[in-house]
Amino acid sequence: MALFFANQSVLVLAVPFYQMTLALDPVWLSLAIAGPMLLGSSISGYVGRASDRCQSRFGRRRPFLLAGVLGLSVSFVLMWQVPAHWPPLWQLGYFAGLSLLFFLALPLLAVPLSSLVFEQTPTTQQRTAVFGLASAVQKLGSLGYQWLVPLSQLALFSSFQQGVRWVGALTGTLLIALPGLWLALFSREPASRTLAETIQTKTVPATQTSLDLLRQRPALRWLMLLCLLQLCGCAFVATMDYYLLVYDMNQADLVAGSWWKALLSSGYAVAGLAFVPVLAWSSARFGAVRTLLWVFVLNTLGGAAKWWLYQGDPTYWLLLDAILCSAAWTGMAMLIPPLLAQTEPASREPSQGVQYGAISALHHWVVSVSAALSMLLSGLALNGLGFAAAAGAEQAAGVLEQMRALLSGGTMLCSLLALAALWRYQRLQFLEDHP
């Protein structure tokens, strides 16, 4: 839960608060998020190696988890306290500085957490079950995170700015700090390795960096490409739906557009939650790869449907978008981590966790880079299309139509490329199993 809100809440609040309300330039705002994301992801490999080798009396993972949770919660609370009367450049600098602290703390939570799960689930079936449970918890979080903006607009706050400050403080305290501290203080780790095992594993060159693993294991490369296509490509084009809901379908009414966006996100959460047992059954019956194949076929159909769904006045038919496209997001959270752990040689003792930190670091790096690139591409696309927040519903001719085309066509293209990557991964695995 803490990791979910840490990953999602900055993007959810930053666009309506810093861009749509404080009117910061979308490119500069995207840079203020993407730059710290990339810098934070650059230390994920170090965090993975350091947590693999840590010999603290508190355990290998827990010291990193505690530092990460504290850094995330404090920086997130402060991020929304920017004075409204400051010049835009000062506001941007304030946000960028706290964003850097936030995204430097994020791998301290994300990498050891994934490593901890890998170590405690020695079989693929167990990992799928645990990540299925984690995905269900995230979907429950999804029911609430897009409502952070409508909550900030309630009449009990004197202004939207004050509402964001309060909602940001409560989110950082109750949804990031409390569950994160519970994990860091009370989680149990597998038995520590002996000193002889630690010395031995330090001499194995293949465990030095995540990039070494990427070079040595072709299967990892195709899985990482799949992550990029969904978490960067589909996530980038999906940012257009918010702008279409606000500026096209609700005539620049931020309150109404945010309500529909929150409803759509809740639909994604409910549909994604419903897909958890479906994907678990399909994975057990047909395998994770075949399950992902039909998931991305469904995602391609969802991309085509977006062209018609995001036209005219908003209706509850928008929830069809969630039904068709939520399975892909559930699959990425539920099925990809077990496939990543499956690339670990079976001959290596799971309790050693030698490679799990590196694998988790590589996954976190790709997730972070994907999020940073999607945010940066979104800002560049908005400026390139000629979008102007100050123009409200009176955007230049063709701007909103191009947004709709990008949303629909981009989703279809990324899904088709994901299918090609899965086919290549499946063929590679077949050749490895039948030399």
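**Exercise 1.** Which helices each supply at least two residues of the nonpolar patch?

*Solution.* A quick note before we start: this is a predicted model, where local features need pLDDT of at least 70, side-chain atom pairs count only at pLDDT 80 or more, and totals for chains, interfaces and linings use all residues. Residues are numbered from 1 along each chain as its sequence is written, and side-chain values use heavy atoms, leaving out hydrogens and water.

Step 1: list the patch. M1, L140, L143, V270 and L273 make it up, with about 390 Å² of accessible area together (Shrake-Rupley method, 1.4 Å probe, only the protein chains shown counting as cover). Patch members have over 30% relative accessible area and no salt bridge, and nonpolar side chains (Val, Leu, Ile, Met, Phe, Trp, Tyr) are joined within 5 Å; a salt bridge puts a side-chain nitrogen of Lys or Arg within 4 Å of a carboxyl oxygen of Asp or Glu.

Step 2: assign the helices (DSSP runs of H or I, at least four residues, numbered from the N terminus). The answer is α6 (124-145) and α13 (254-286). M1 sits in the segment before α1 (2-21).

**Exercise 2.** Find where Q251 and A252 are placed, and check their phi values.

*Solution.* Step 1: Q251 belongs to the loop between α12 (240-248) and α13, and A252 is in the loop between α12 and α13 too.

Step 2: recall that most residues other than glycine have a negative phi.

Step 3: now read the values. Q251 isn't a glycine, yet its phi is positive, about 50 degrees. A252, also a residue other than glycine, has a positive phi near 65 degrees.

Conventions:
Patches are made of residues with over 30% relative accessible area and no salt bridge: like charges are joined within 9 Å, nonpolar side chains (Val, Leu, Ile, Met, Phe, Trp, Tyr) within 5 Å.
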